[in-house]
Amino acid sequence: MDVPAGSILPLGMRTSIEKGKVRVGITCALCHAAIDSRSGRVIEGAPNNDVDPGLVLAMATNSAAMFRQTGVNPTKLPLGDRTYINADGEIARLPDAKAVEDAVDADLLSWPPGNFDSTGNMVNNPSQNPSSYTHKAWPYGWSGNAAIGWFHGLTTLNSNVHGTNSDATTGADSSQALLNIDKETYLGILFQNSATQAFRLPEGAKPSEFFEKIDPTPGEPGMNQVIKMPGYPKGSPFILDGLMANSPGFPVGEQLNGMSAFQNSLAPPPVQTASTDTLKRGAAIFSKAGCVECHSGRYFTNHEVIAADEIGTQPSRGPAQAPFARILIAPQTYPSNVPVPLPPDPPVLSVPTDITPQRSLELAFAISNPAGGYKVPSLIGLAVTAPYLHDGGVAASSEALKRDKDGFKVADPNQLGMAGTLLNNIQPDPSASLRVLLDRNLRETTVAVNRANSDLQQSNVDGSGHAYWVDTEAGFTPQDQTDIIQFLLSLDDDPEVLPAVASN
Ligand code: HEC
Ligand code: HEC
């Protein structure tokens, strides 16, 4: 974990005193802010590559409660001794607590640093912490599933962080529909080995009744402070699981919308990479190589989702949101002046869906195409967001490549890919990593190095696909390649040069 200059606590960690107890918790900055190693200052919004969420979670007493974020289906594991009252009202036995814990830990330990699995579909596929340079960068989420409603989907994503990710109990009412695990078994697995003794499921109890007794937020689903959206337990493309994170005392959406506005104010540090002439040459190559077809406009995205089988990158996260398609209804919300707790008959508004192309919305939930898709990301801040692609597999250290008379070659394969950088405690170099993105020969070796690593096999990281080359075979010189890389690295909040097509 990183500690900012002058601080006594790691980045993204907060303490408070509540009812006489010291509480330690994490904030968004744990993953969405980094420390500049030279100055010790915090770069807000840059992904934190040093934090290792898989390792931190695996050290927890009850990592089993995170099983949805891994590839473990506890109902396929051997039963243990612990009894509970199941959904049919019968006494049954839960999956063996130690077997679940060990299996979940094994998956968590395979995650590379800087990656976290935000999709609870029982597939082990963490993705890279993205930047928080969200201004005009919709849709949100690597698959583009957060695309409508307040702040063009940003508020949706913020709710998802709290609703779905930080509190597994919010998934109880939809566990049958999403995971094919009934509510009692689901809660039983979560609570049978709770870290806090008072939250540990007693022998022979009915998990949902036990949960009601210990729930710190009685009357609402889940432990976190949430409100039920119209139609709950169905979800909608606005609030996927139908539960909006919202503390009592704040009108509907005020906290989430405040967080959206804050993130939209974040920008990467200014960069001075190269001469104006070099940047102009680089911008011209960006257009000539066809990058502008997707990375168009001032923020370098056409805001669309591309089918996973077309973009060809690591396929496992493309359909990650598909289970939600089973519970989606037409999106509705309460207006933002409605107080929380909600009044008995709150007014309801429809959330328009036509602010994003229907095709992109369907791909995000793998509705029209079972492979799903990946959104075209904004390219602002590339100088601080290596490694690249959603799985973070495109990476190289500053010593991985060497230049000879024909161009760039691999100098040290052990410093290539996720395998040779973050898994090896070496920071990826933005320039070398972009070269690996754009050069098919360098990429081929990189993907092979990643695929040879058993942890990366287990966590579905390989850095494949996105075959848009700026290399000799595509008719570009090594100098062209260097120029476009300089251009890409110059894309801060106020780029000095924009491609001719992108600037109008
Ligand atoms: C443990 C690491 C971690 C923490 C803590 C975390 N995030 Fe994230 N965040 C991620 C990852 C990984 C993704 C990519 C998920 C995906 O798209 O599947 C992500 C995606 C996002 C996105 C989408 C960005 C985009 O451009 O698509 C937003 C917005 C976001 N997080 C906001 C937050 C907020 C707000 C908090 C705190 C309340 C937070 N995150 C806490 C890891 C984290
Ligand atoms: C057909 C649309 C399309 C074209 C053409 C295209 N891209 Fe992309 N680009 C994408 C998508 C989609 C992603 C996200 C893929 C993923 O993460 O799996 C992406 C990701 C990237 C990333 C990684 C961003 C990050 O934060 O990890 C960079 C850099 C990039 N593209 C640059 C380029 C350049 C340079 C070109 C031209 C040589 C280009 N792209 C051509 C669609 C496209």
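Here is a friendly exchange about the two iron sites, the ligand shells and the main core of a predicted model.

Biologist: Before we start, which conventions and pLDDT limits apply to this predicted model?

Modeller: Residues are numbered from 1 along each chain as its sequence is written, while chains are lettered from A and ligands numbered from 1 in the order in which they are written. Side-chain values use heavy atoms, without hydrogens and water, and totals for chains, interfaces and linings use all residues, whereas side-chain atom pairs count only at pLDDT 80 or more and local features need pLDDT of at least 70.

Biologist: Great! Which residues coordinate the iron atom of ligand 2?

Modeller: Donors are N, O and S atoms within 2.8 Å of the metal (3.2 Å for Na, K and Ca), and water is not among the atoms, so sites may look incomplete. At 2.0 Å, the NE2 atoms coordinating the iron atom of ligand 2 belong to His 295 and His 466.

Biologist: What is the geometry at the site of the iron atom of ligand 2?

Modeller: Six donors count as octahedral if opposite donors are over 155 degrees apart and all others between 65 and 115. Here the angles among the six donor atoms run from 88 to 179°, and the site is octahedral.

Biologist: How many residues apart in sequence are the parts that this pair ties together?

Modeller: Helices (H or I, at least four residues) and strands (E, at least two) are DSSP runs, numbered from the N terminus. His 295 sits in the loop between helix 9 (276-288) and strand 11 (305-307), and His 466 in the loop between helix 15 (454-458) and helix 16 (478-489), so the parts that the pair ties together are separated in sequence by 171 residues.

Biologist: Is His 295 buried or exposed?

Modeller: Buried means under 20% relative accessible area, exposed over 50%, and partly exposed in between (1.4 Å probe, protein chains only). The relative accessibility of His 295 is 11%, so His 295 is buried.

Biologist: Which side chain has a polar atom 2.7 Å from an oxygen atom of ligand 2?

Modeller: A polar contact is a pair of N or O atoms within 3.5 Å. Among the closest of the 24 residues that surround ligand 2 (a heavy atom within 4 Å) are Cys 291 and Cys 294. The side chain that lies 2.7 Å from an oxygen atom of ligand 2 is that of His 390.

Biologist: Now ligand 1: which residue is the single protein donor to its iron atom?

Modeller: The distance from the iron atom to this NE2 donor is 2.0 Å. The residue is placed in helix 1 (residues 29-32). The single donor from the protein is His 32.

Biologist: Which element gives the most to the shell around ligand 1?

Modeller: Polar contacts to oxygen atoms of ligand 1 include a backbone N or O atom of Trp 142 at 2.7 Å and a polar side-chain atom of Lys 375 at 2.9 Å. Elements giving two or more residues to the shell include strand 8 (127-128) and helix 8 (254-264). The most, five residues, comes from helix 4.

Biologist: Finally, which element gives the most to the largest nonpolar core?

Modeller: A nonpolar core is a set of buried Ala, Val, Leu, Ile, Met, Phe, Trp, Tyr and Cys residues joined through side-chain atoms within 4.5 Å. The largest one has 49 residues, and Phe 67, Tyr 186, Phe 191 and Met 244 have the most contacts inside it. Strand 10 (243-245) and helix 11 (358-364) are among the elements that give two or more residues to this core. The top contribution, five residues, is from helix 6.

Definitions and conventions. Tetrahedral: all angles 85-135°; square planar, octahedral: opposite > 155°, others 65-115°. Polar contact = N/O pair within 3.5 Å; in protein donor to acceptor, adjacent residues only side chain to side chain.
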